[in-house]
Amino acid sequence: IHVGRGVLEIRIESRIPQKATPIIVYCQGGGRSAVAADVLTKMGYTNVSSLAGGLAAYQAADLPLDQSPRVE
């Protein structure tokens with residue numbers, strides 16, 4: 001699901017109420033997702049990962065990408 005970094009703290013608990021749900025956060029370069037993962041951990045989420053290097057590194061590794069439309 002898409003939750004923008006600017007509204008993460010406001011929207012995440014209604015989108016993912018279970019704190020043990022596995023969450024992988026990502027952004028283009030990896031910086032914002034690292035901050036988001038830290039915020040989520042401080043909010044009590046216990047199974048949070050950040051995609052190292054972001055989407056750019058993922059694509060550079062030639063890994064598959066599902067480009068389905070976002071679900072808001």
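Tutor: Let us start with a term: a residue counts as buried under 20% relative accessible area, as exposed over 50%, and as partly exposed in between. The model discussed here is predicted.

Student: How is Arg5 to be classified: buried, exposed or partly exposed?

Tutor: Arg5 has a relative accessible area of 29%, and because this value falls between the two cut-offs, Arg5 is partly exposed.

Student: With which residue does Arg5 form a salt bridge?

Tutor: The general idea comes before the case. Side chains of opposite charge can pair when their charged atoms come close. In this structure, Arg5 pairs with Glu9 in a salt bridge, and their closest N and O atoms are 2.8 Å apart. Glu9, at 37% relative accessibility, is likewise partly exposed.

Student: How many salt bridges does the structure hold?

Tutor: There are three salt bridges. One of them joins the side chains of Glu13 and Lys19, with an N to O distance of 2.9 Å. Glu13 is partly exposed at 41% relative accessible area, and Lys19 is partly exposed at 26%.

Student: Which residue forms a salt bridge with Lys42, and where do the two partners lie?

Tutor: The partner of Lys42 is Asp38, and the closest N and O atoms of this pair are 3.0 Å apart. Both residues belong to helix H2, which covers residues 31-42. They are four residues apart in that helix, about one turn.

Student: Why is Lys42 classed as exposed?

Tutor: Lys42 is classed as exposed because its relative accessibility is 68%, and the cut-off for that class is over 50%. Asp38, at 38%, counts as partly exposed.

Student: Is Ser33, another residue of helix H2, buried or exposed?

Tutor: Ser33 has a relative accessible area of 2%, so Ser33 is buried. The cut-off that this step needs is under 20%.

Student: Which side chain makes a polar contact with the side chain of Ser33?

Tutor: To read such a feature, one looks for a pair of polar atoms and the distance between them. Here the side chain of Ser33 makes a polar contact with the side chain of Ser50, at 2.9 Å. In addition, a polar atom of the Ser33 side chain lies 3.1 Å from the backbone oxygen of Gly30.

Student: Which residues does Ser33 touch, not counting those up to four places away in sequence?

Tutor: Ser33 touches Val25, Tyr26 and Cys27, and also Ser50 and Leu51. Ser50 thus appears twice in the account of Ser33: in this list and as a polar partner.

Notes. Residues are numbered from 1 along each chain as its sequence is written. This is a predicted model: local features need pLDDT of at least 70, side-chain atom pairs count only at pLDDT 80 or more; totals for chains, interfaces and linings use all residues. Side-chain values use heavy atoms; hydrogens and water are left out. A salt bridge is a side-chain nitrogen of Lys or Arg within 4 Å of a carboxyl oxygen of Asp or Glu. Buried means under 20% relative accessible area, exposed over 50%, partly exposed in between (1.4 Å probe, protein chains only). Helices (H or I, at least four residues) and strands (E, at least two) are DSSP runs, numbered from the N terminus. A polar contact is a pair of N or O atoms within 3.5 Å; within protein, one must be able to donate a hydrogen and the other to accept it, and residues adjacent in sequence count only if both atoms are side-chain atoms. Contact means heavy atoms within 4.5 Å.
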